[in-house]
Amino acid sequence: LEYLTLAVFNEKQPFESKARFLMAFEAFLRETERQGRNFLLIVDEAQNVSYRMLEDIRLLSNMGSDDQGLVSIFLVGQPELNLKLNQPRCRPVQQRISMRYHIEPLSREETRKYVAERLRTAGKNNGADIFTHRALIALHKYSHGYPRMINVLADNALLLGYAGEKSRITPAMVKASFKDTLTRGRRRRSLWKYAAAFAALLLLAGAFGITRTGQDVIDRAVHKIMTLNPRSSEPARQDTTKSEK
């Protein structure tokens, strides 16, 4: 609502209440309709929208008459969006959705064309030649045909090829990119888990003070977090090796 306040009314300060905003916004939409114009609200990455914000969006969709609304709203997101909308608390939102469209994963041939088109857009006319036929098969296998994953794996594979001074991308490079993506995902989840635990320790320390035993526990937690972060741990291992030599 604050974004709409700034975009529509060019006001940095929010309205006094949600009701006052909705009244002003409906008046704006009616004037827009009178001018023969359409107002579109596109919410990207909608799977990350909170349930409370979905309810605010539903209120916007109620504006206008029963047969024709004053605003067209598009929720665009990953498959997780369907899971969120299927929750019982989202039933009022579902009742306002007039059309759904789900893009199926790309086939192997569509993946090949997709990669060729992306590379052509980047300036390579024969972009498909960069990836071997078997590399494209591997790209489709590990991405399951999802464009976002294709982008990630293809980009990492190109970096591997550049680092290794290779002229073509092989299935092994795609597989290595996939494994690296999985490893970084697990490391990130582990890091957040221990970071959350460390934050809890800091809260306890602030509430009750730090004893010698508590300080030892926090020191071990910090050490664990540092060892999960390769950027923090690798220099330490290098320094130790040098000192041993």
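Nine aromatic pairs turn up in this predicted model. One of them brings Phe9 together with Phe21 in an edge-to-face arrangement, with 6.5 Å from centre to centre and 85° between the planes. Phe9 belongs to helix α1 (residues 2-9) and Phe21 to helix α2 (residues 18-34), so this contact ties together parts that sit twelve residues apart in sequence. The two partners differ in how much of them shows: Phe9 is partly exposed, at 24% relative accessibility, whereas Phe21 is buried, at 3%.

A stacked pair is found elsewhere in the chain. The ring centres of Tyr142 and Phe178 are 4.7 Å apart and their planes meet at 25°, so the pair counts as stacked. Here the contact links distant parts of the chain, with Tyr142 in helix α7 (residues 133-143), Phe178 in helix α9 (residues 171-208), and the two positions 36 residues apart in sequence. Both Tyr142 and Phe178 are buried.

Back with Phe9 and Phe21, the picture widens. These two rings belong to one aromatic cluster, which also takes in Phe15, Phe25, Phe28 and Phe39.

Aromatic rings also meet charged side chains, and Tyr51 is the case to look at. Lys84 lies over the face of the Tyr51 ring, 5.2 Å from its centre. Arg89 lies over the face of Tyr51 as well, at 4.2 Å from the ring centre.

On to charge pairs proper: searching the whole structure gives eight salt bridges. Among them is the one between Lys18 and Asp56, where the closest N and O atoms are 2.7 Å apart. Lys18 lies in helix α2 and Asp56 in helix α3, so this bridge ties together parts that are 38 residues apart in sequence. Lys18 is partly exposed, with a relative accessible area of 36%, while Asp56, at 14%, is buried.

Another salt bridge joins Arg148 to Glu45, with 2.5 Å between the closest N and O atoms. This one also links distant parts of the chain: Arg148 is in helix α8 and Glu45 in the loop between β1 (40-43) and α3, 103 residues apart. Arg148 is partly exposed at 44% relative accessibility, and Glu45 is partly exposed at 26%.

The bridge between Arg34 and Glu31 stays within a single helix. The closest N and O atoms of this pair are 2.6 Å apart, and both residues lie in helix α2, three residues from each other, or about one turn of the helix. Arg34 is exposed, with a relative accessible area of 61%, and its partner Glu31 is partly exposed at 33%.

Then there is the empty space. The largest pocket has a volume of about 1500 Å³. Its lining takes in 42 residues, and those nearest the centre are Phe74, Leu75, Val76, Met99 and Tyr101. Several elements contribute at least two lining residues each, namely helices α3 (51-61), α4 (80-85), α5 (91-96) and α8 (147-163), along with strand β2 (72-75). Sorted by class, the lining of this pocket holds 20 nonpolar, 13 polar and nine charged residues.

Note on methods
Residues numbered from 1 in each chain as written. Predicted model: local features only at pLDDT ≥ 70, side-chain atom pairs only at ≥ 80, totals over all residues. Heavy atoms only, no water. Phe/Tyr/Trp six-rings, centres within 6.5 Å; stacked < 30°, edge-to-face > 60°. Helix = DSSP H or I, 4+ residues; strand = E, 2+ residues; numbered from the N terminus. Buried < 20%, exposed > 50% of the residue type's maximum accessible area, 1.4 Å probe, protein only. Lys NZ or Arg CZ within 6 Å of the ring centre and 35° of its normal. 1 Å grid on protein atoms, 1.4 Å probe; cavity = no way out; pocket = protein on both sides within 12 Å on 5 of 7 lines; lining within 4 Å. Points joined across faces, edges and corners; volume = space filled by probe spheres on them. Nonpolar A, V, L, I, M, F, W, Y, C, P; charged D, E, K, R; others polar. Salt bridge = Lys/Arg side-chain N within 4 Å of Asp/Glu carboxyl O.
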